[in-house]
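Me: I would like a close look at one part of this model: the ligand site. Please add the empty spaces elsewhere in the protein, and keep it brisk.

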Amino acid sequence: MSSSIIDFLATEARFGAHNYEPIGVVLSRGEGVWVWDTDSNRYLDCLSAYSAINQGHCHPKILAAMVEQAHRLTLTSRAFHNDQLAPFYEEIAALTGSHRVLPMNSGAEAVESAIKSVRKWGYEMKGVPDGQAEIIVCANNFHGRTLGIVGFSTDPVTRTHFGPFAPGFKIIAFGDAAALEEAITPNTVAFLVEPIQGEAGVIIPPAGYFTKVRELCTANNVMLVLDEIQTGLGRTGKLLAEQHEGIEADVTLLGKALSGGFYPVSAVLSNNEVLGTLRPGQHGSTFGGNPLACAVARAAMRVLVEEGMIENAASQGARFLEGLKDIRANTIREVRGRGLMLAVELHPEAGRARRYCEALQGKGILAKDTHEHTIRIAPPLVITSDQVDWALERFATTLTQDFS
Ligand SMILES: *Cc1c(COP(=O)(O)O)cnc(C)c1O
């Protein structure tokens, strides 16, 4: 490590809140699938900022849209209209087949906004007695970091000593449709769930789960809220992960790659009813729907489709998954993935996944461990076959080492 890197780490440690434990690399530049550190070492980004960089680092067309808009108009607040909001609505609705859109900034804000909206829908449209609305969520969920959200997390690290928490949430097992059926009551307004649990370690539910979930929600007049903040926008090889089971959510949450990593942009997408219950003054955000965000998101959606990134995620994801499955290493317990949302789960005896991520860093790959024993792999969707093969060679040599 060079002295400049050590200085950066020391200064961060001295002044910053210690709420992250980053890998010891200081990045200063990115392009496509690659990032460079302050010593000009190059790395293949296999995290993509938790899937916010699906379009690749500093995509030139998104950059151009951002710069152009930044010269013209950045923020109006929603007290006035701006000329980017209407085309953004039109384009995101056409892309996703949604009827109404609520623009926000971070993913967690989209989740909070959805919770408020489905509760309001429950009281005003379903007839749930005021203050009684119930929302069902899954164990090992990850929906963000606000108080409302960590209150229904099952991860002690994220919730301990942050209470008291808001009531009204019921937690069931992920991937278990019978548990959902049992948990629904007349006061249930929504089921909030990730199509694939990302932070939990890329947990894919059994085939047919979401078909059954859709049936149960429809039969009981419960809004199905899919948090596609990580799985959406091409990551799994489809525009939305719900398409793998041919279902449609009532409410879909997007964030992360909605801006291609340039800017925090999120959105709640819904049928007419759920967002239709919001009236002026009842919800808002100073930055939500601002012209800079809308211009960036429009370009980010456009390049995703025009440059074939979704199809590429499907084909390169299949290649990556096959390659990982071909690695013969007794450190590996399971390899999972859909599209370019992949994970290698190690045997507990193989040592911490973090050690493997540090070894990968030494070979020019940045990946991130999750939950002690899982390495998550999620490169930008612009990755090529040669780059997948290059990465696979390095995964193979790393995974056959023993760090226990
Ligand atoms: C990242 C993420 C969020 C939270 O998004 P932020 O922009 O960090 O607030 C919510 N849900 C899922 C599934 C995520 O992956």
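Reply: What follows starts at the ligand and then turns to the pocket and the cavities.

This is a predicted model. Start with the shell around the ligand. It includes S106, G107 and A108. F142, H143 and G144 also belong to it. The other residues around the ligand are E194, D227, I229, Q230 and K256. By class, this shell has three nonpolar, five polar and three charged residues.

Now look at single atoms. D227 brings a polar side-chain atom to 2.6 Å from a nitrogen atom of the ligand. Q230 does so with an oxygen atom of the ligand, at 2.7 Å. A108 uses its backbone instead: an N or O atom there lies 2.8 Å from an oxygen atom of the ligand. How much of the ligand does the protein cover? On its own, the ligand has 380 Å² of accessible area, and the protein covers 81% of that.

Next come the empty spaces. Rolling a probe the size of a water molecule over the atoms reveals where such space is left.

Take the second largest pocket. It holds about 530 Å³ of space. Its lining counts 19 residues, and R78, Y89, V101, L102 and P103 lie nearest its centre. Three elements give two or more residues each to this lining: α4 (85-96), β4 (100-104) and α10 (272-276). The largest share is from β4, with five residues. Sorted by class, the lining has nine nonpolar, seven polar and three charged residues.

Cavities are next. The structure holds two of 30 Å³ or more. The largest has a volume of about 50 Å³. Q230, a residue around the ligand, also lines this cavity. Its other lining residues are L47, Y50, S51, V202, M341, L342, R376, I377 and A378. Which elements give two or more residues to that lining? They are α2 (48-51), β12 (341-346) and β15 (374-377). Seven of the lining residues are nonpolar, two are polar and one is charged.

The second largest cavity has a volume of about 30 Å³. V111, A114, I115, V118, I135, L192 and V225 line it. Helix α5 (residues 107-126) gives the most, four residues. What classes make up this lining? Seven residues are nonpolar, with no polar and no charged ones.

Go back to Q230 to tie the picture together. Its side chain has a polar atom 2.7 Å from a ligand oxygen, and Q230 is also part of the lining of the largest cavity.

How values were computed:
Residues numbered from 1 in each chain as written. Predicted model: local features only at pLDDT ≥ 70, side-chain atom pairs only at ≥ 80, totals over all residues. Heavy atoms only, no water. 1 Å grid on protein atoms, 1.4 Å probe; cavity = no way out; pocket = protein on both sides within 12 Å on 5 of 7 lines; lining within 4 Å. Points joined across faces, edges and corners; volume = space filled by probe spheres on them. Nonpolar A, V, L, I, M, F, W, Y, C, P; charged D, E, K, R; others polar. Near = heavy atom within 4 Å. Polar contact = N/O pair within 3.5 Å; in protein donor to acceptor, adjacent residues only side chain to side chain. Areas by Shrake-Rupley, 256 points an atom, 1.4 Å probe, with all protein chains shown as cover.
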